[in-house]
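Me: I would like to learn how to read the features of a structure step by step. Could we begin with the empty spaces and then move on to the strands, the metal site and the cores?

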Amino acid sequence: MRFLKIAILALFASCLCQCGTPYGVWHKVKRGETLYRISQTYGVPMEKIMKHNPQIKDPTLLIAGDKLFIPGASEVKEVPPPGRQTAGSHEQRGSKPKSHGDAKAQSIPGEKPPRQPSEDSGAEKSLRFLWPARGQITSRFGERRGNRAHKGIDIAAPEGAPIVAAESGQVIFSGKISGYGKVIVIEHASGFVTVYAHNRKNYVKAGEWVERGQRIGEVGKTGRASGPHLHFEIRVNNTPVDPLKYLAKGG
Ligand SMILES: [Zn+2]
């Protein structure tokens with residue numbers, strides 16, 4: 001009986017191999033989880049996860065309840081909230097200390113430790129983001145574009161103008177997304193994420209910690225853009241919100 005079970009399992013496994021389906025687990029996305037943190041938790045590159053989950057159109061926008069196939073993983077893991085050491089990942093490309101609260105945690109010269117998100121400190125109310133670029137707003141949040149509502153604001157600026165991080169945080173994506181062109185996504189405390197799109201150049205990579213006001217790229221017109229401008233989004237727990245509600249008044 002036991003032998004039969006093993007034989008069936010072996011047969012099943014060999015079939016999986018023959019069918020080209022790799023070994024892995026299904027991860028159910030929870031509220032606020034990002035592809036970056038999921039990839040860090042399992043130690044599997046984002047690109048690899050995306051390859052096995054062609055349903056992901058926008059790697060910065062995961063929806064709670066979505067199921068992702070994590071190739072190579074042997075067990076489902078808990079994804080820790082941002083700002084904490086991700087359990088089980090071998091190397092951290094970012095600048096996270098080994099364990100927070102440990103004064104002896106190794107630090108590499110020139111690297112800055114992440115600011116711990118202060119839990120329940122009313123950060124959501126007090127958060128005032130910096131303007132990510134200087135220029136006129138040419139399109140506001142929620143404006144209709146064909147059959148879709150605008151998920152951010154457009155700030156017109158000359159090509160090559162600096163883009164700065166609206167708040168300190170960790171870069172969770174830097175690369176190309178169809179429509180967005182070259183885009184940078186930064187995760188901040190309290191479930192906030194900012195998105196900077198149509199860039200000519202990205203100066204930062206996924207995993208890097210950036211400070212509020214740090215130059216992260218240059219304004220451009222990559223992706224679906226008629227002229228040079230910065231498309232800027234603020235998302236709270238993956239839902240786009242009106243950036244003007246969170247940006248300091250007056251620009
Ligand atoms: Zn836009």
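Reply: Happily. A cavity is a set of grid points where a 1.4 Å probe fits but cannot get out. Please keep in mind that this is a predicted model. Here the largest cavity holds about 40 Å³ of space.

Me: How many cavities of 30 Å³ or more does the structure hold?

Reply: There are three cavities of that volume or more. The largest cavity is lined by Gly32, Thr34, Arg37, Glu187, Gly191, Val193, Asn237 and Asn238. By residue class, this lining divides into one nonpolar, five polar and two charged residues.

Me: Let me pick one of those lining residues. Where is the place of Gly191, and why does Gly191 count as partly exposed?

Reply: Gly191 sits in the loop between S9 and S10. Partly exposed covers the range between under 20% (buried) and over 50% (exposed). Gly191 has 25% relative accessibility, so it counts as partly exposed. There is also a contact across the sequence to look at: the C-alpha atoms of Gly191 and Glu33 are separated by 9.0 Å, although these residues are 158 residues apart along the chain.

Me: Now the open spaces. How much space lies in the largest pocket, and which residues lie nearest its centre?

Reply: A pocket, unlike a cavity, is an open set of points. The largest pocket has about 550 Å³ of space. Its lining counts 19 residues, and those nearest the centre are Arg148, Lys151, Gly179, Tyr180 and Arg224. Strands S5 (148-149), S10 (192-199) and S14 (229-236) are the elements that each give two or more residues to this lining. S14 provides the largest share, three residues.

Me: How do the residues of that lining divide by class?

Reply: Eight are charged, seven are polar and four are nonpolar.

Me: Gly179 was named in the pocket lining. What is the phi of Gly179, and in which turn does this residue lie?

Reply: Gly179 is in the turn of a hairpin formed by S8 and S9, which have three residues between them, and its phi is positive, about 90°. To read such a hairpin, start from the pairing. Strands of a sheet pair through backbone hydrogen bonds, either parallel or antiparallel. In this case S8 and S9 (residues 181-187) are antiparallel and share seven bridges. One pair to find on screen is Lys176 with its bridge partner Lys182 in S9.

Me: Which other strand pairs with S8 (residues 169-177) over two bridges?

Reply: That is S12 (residues 209-210), again in the antiparallel sense. There, Gln170 has Trp209 as its bridge partner.

Me: What is the strand order in the open sheet of three strands?

Reply: The order is S7-S13-S11, with antiparallel pairing. S7 (162-164) and S11 (201-202) are the edge strands; each has a single partner strand, so one side of each has no neighbour in the sheet. Three bridges connect S7 with S13, and Ile163 has Gly217 as its bridge partner there. On the other side, two bridges connect S11 with S13 (residues 215-218). Lys201 stands opposite Glu218, and Asn202 stands opposite Gly217.

Me: Next, the metal site. Which residues coordinate the zinc ion, and how are they spaced in sequence?

Reply: For a metal site, read the donor atoms together with their distances. The zinc ion is coordinated by His150 through NE2, Asp154 through OD and His231 through ND1, at 1.9 to 2.1 Å. The spacing along the sequence is H-x3-D-x76-H.

Me: Are His150 and Asp154 buried or exposed?

Reply: Buried means under 20% relative accessible area. His150 is at 3%, so it counts as buried. Asp154 is at 4% and therefore counts as buried too.

Me: Finally, the cores. Which residues touch the most other members in the largest nonpolar core?

Reply: A nonpolar core joins buried residues through side-chain atoms within 4.5 Å. The largest one here has 27 residues, and Phe129, Ile186, Tyr196, Ile216 and Phe232 touch the most other members. S6 (153-156), S9, S10 and S14 each supply at least two residues of this core. S14 gives the largest share, four residues. A second, separate core has 25 residues, including Tyr42, Val44, Ile49 and Ile177.

Note on methods: Residues numbered from 1 in each chain as written. Predicted model: local features only at pLDDT ≥ 70, side-chain atom pairs only at ≥ 80, totals over all residues. Heavy atoms only, no water. Pairing = 2+ DSSP bridges. 1 Å grid on protein atoms, 1.4 Å probe; cavity = no way out; pocket = protein on both sides within 12 Å on 5 of 7 lines; lining within 4 Å. Points joined across faces, edges and corners; volume = space filled by probe spheres on them. Nonpolar A, V, L, I, M, F, W, Y, C, P; charged D, E, K, R; others polar. Donors = N, O, S within 2.8 Å, 3.2 Å for Na, K, Ca; no water. Buried < 20%, exposed > 50% of the residue type's maximum accessible area, 1.4 Å probe, protein only.
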